Amino acid sequence: MKVVAQKQTKIILVISLILLLLIGLVVIFKDRIILFSKIKSFGKLDKYSHLIDDCEVEKKKGEIVLHCKGVLKSKKRTIEEECIKVEILTNDDTDLREEDLCIDIGGLDWEDPYGDSTAYIPVNIDLIYEKNNIFTCSLKLIELSVINDDELKLLFDKNPKLLNLKKKILTKFAGEIYKNNYRLLEMPLIGEESINRTSFYDAKLKSISVLDSKNELTFEITIKQKKYDVVLYSTKLFYEDNTTKAVTFLTIDDFAELKVGLSYLVITRSASHILSNKIDDYCLSIEEKLPIKRTIINNDFFSDPLFGFCTIKPENYKDMYVPNVEEYITSTLRDAELKGKDRIILDKLLLFSLIAY
């Protein structure tokens with residue numbers, strides 16, 4: 001009996017050692033085993049099968065789709081192929097690996113929404129494979145779409161290498177500015193009352209002239225990839241020196257301080273509906289606190305948007321009534337193009353402030 005027990009013990013030890021060895025091999029080669037099982041489950045991919053580890057796999061009728069995330073760095077086209085150079089997010093989006101992805105001409109579905117920018121663009125990358133048979137799949141389409149800014153922020157938090165590229169990456173927010181060279185922002189004020197803010201970037205002041213007791217300021221601004229002479233009217237505004245950060249309230253008599261040839265960030269105000277007497281009543285209640293000309297303004301002044309607005313508001317709110325700012329700008333550009341002009345007047349946008357670069 002003792003001999004039998006010893007044999008059983010040896011057998012158990014041998015089996016245990018074999019199991020431990022197998023478990024060790026599974027742990028060591030886990031990734032390859034998973035990759036093999038995935039490939040076997042839907043057939044061999046003719047290209048980029050190694051991306052299965054880092055991308056979400058979707059099986060469709062007659063198709064396999066790899067949903068990847070990455071950063072588009074560049075693209076090129078040859079006689080036979082379209083290729084993109086990307087940084088693929090790997091290891092549960094915590095790392096990056098550079099890849100060159102190529103497909104036959106016509107197989108890349110991507111149009112740069114920012115006008116062939118040279119910046120890096122965060123993109124969803126879908127590689128769509130067509131099943132040839134139960135054993136093989138061939139790449140037929142690569143689709144790219146821009147990753148939204150909220151998701152991108154989460155990816156920055158997870159991936160230090162991606163964060164290191166942040167300065168080169170064009171977010172959707174920055175991309176819209178890049179494409180249009182202006183930004184729209186609605187600013188809620190009292191109850192349902194709101195005043196829209198529009199900022200124009202890199203606006204070079206070309207001239208200042210007086211017209212009907214108003215100052216006509218003409219800026220050279222690139223809007224939607226084309227240069228225009230943009231005319232804005234004003235009798236008073238806030239001026240910020242970007243070097244000292246000092247903000248001064250200027251009236252029409254002080255506009256000579258503005259320098260022709262200098263570039264500014266131009267900020268305007270408009271209203272999507274006719275403003276009510278509530279704002280007039282509010283402005284009257286704080287009238288004694290409002291700045292007078294050439295006053296140096298404390299930035300705390302702008303913590304309540306109405307303080308600034310009450311200082312520069314027009315006599316007639318209809319003068320700044322713009323139901324849809326985007327449509328107003330677009331239609332003005334369209335009319336100028338039809339007339340073959342490079343000069344546009346945006347008289348419905350109330351000039352609020354200039355920030356010198």
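**Helix α5.** I began with helix α5, which spans residues 172-180, and I noted that G175, I177 and N180 are buried there. I then looked at the two ends of this helix, keeping in mind that the model is a predicted one. At the N-terminal end I found T171 acting as a cap, with a side-chain oxygen that lies 3.0 Å from the backbone nitrogen of A174. After α5 comes N181, and I wrote down that its phi is positive, near 70°.

**The whole protein.** I next stepped back to the overall figures, and I counted eight helices and 18 strands in the protein. Of its 357 residues, 41% count as buried, and the accessible surface comes to about 20,700 Å², with 54% of that belonging to carbon and sulfur atoms. I also looked up how far along the chain the contacts reach: among those between residues at least 6 apart in sequence, 61% join residues at least 24 apart.

**E82.** I turned to E82, which has its place in strand β4, residues 81-90. Is E82 buried or exposed? I entered it as buried, because its relative accessible area is 12%, which is under the 20% limit for that class. Its side chain reaches the backbone nitrogen of G106 at 2.9 Å. Leaving out residues up to four places away in sequence, I found that E82 touches ten-odd positions that I list only in part, including K76, R77, L101, D104, G106 and L108.**R77.** One of those partners, R77, I followed up separately, and I placed it in strand β3, residues 63-77. I entered R77 as exposed, because its relative accessibility is 58%, which is over the 50% limit. Setting aside its neighbours within four places in sequence, R77 is in contact with E82 and I105. The side chains of R77 and E82 are joined by a polar contact of 3.3 Å. I also checked R77 against D104, which is 27 residues apart from it along the chain, and the C-alpha atoms of the two are separated by 9.7 Å.

**Helices α6 and α7.** Last, I looked at how helix α6, residues 277-285, packs with helix α7, residues 305-312, and I noted an angle of about 90° with the axes 10 Å apart. I therefore recorded α6 as roughly perpendicular to α7. Which residues make the contact? From α6 they are I279, Y282 and C283, and from α7 they are L306, F307, F309 and C310. By class, I noted seven nonpolar residues in this contact of α6 with α7, with no polar and no charged ones.

How values were computed:
Residues are numbered from 1 along each chain as its sequence is written. This is a predicted model: local features need pLDDT of at least 70, side-chain atom pairs count only at pLDDT 80 or more; totals for chains, interfaces and linings use all residues. Side-chain values use heavy atoms; hydrogens and water are left out. Buried means under 20% relative accessible area, exposed over 50%, partly exposed in between (1.4 Å probe, protein chains only). Helices (H or I, at least four residues) and strands (E, at least two) are DSSP runs, numbered from the N terminus. A polar contact is a pair of N or O atoms within 3.5 Å; within protein, one must be able to donate a hydrogen and the other to accept it, and residues adjacent in sequence count only if both atoms are side-chain atoms. Contact means heavy atoms within 4.5 Å. Accessible areas come from the Shrake-Rupley method with a 1.4 Å probe; for residues, only the protein chains shown count as cover. Axes are lines fitted to C-alpha atoms, for helices over the stretch in contact, and angles run from 0 to 180 degrees between N-to-C directions. Angles under 35 degrees count as roughly parallel, over 145 as roughly antiparallel, 65 to 115 as roughly perpendicular and the rest as oblique. Ala, Val, Leu, Ile, Met, Phe, Trp, Tyr, Cys and Pro count as nonpolar, Asp, Glu, Lys and Arg as charged, and the others, Gly among them, as polar.
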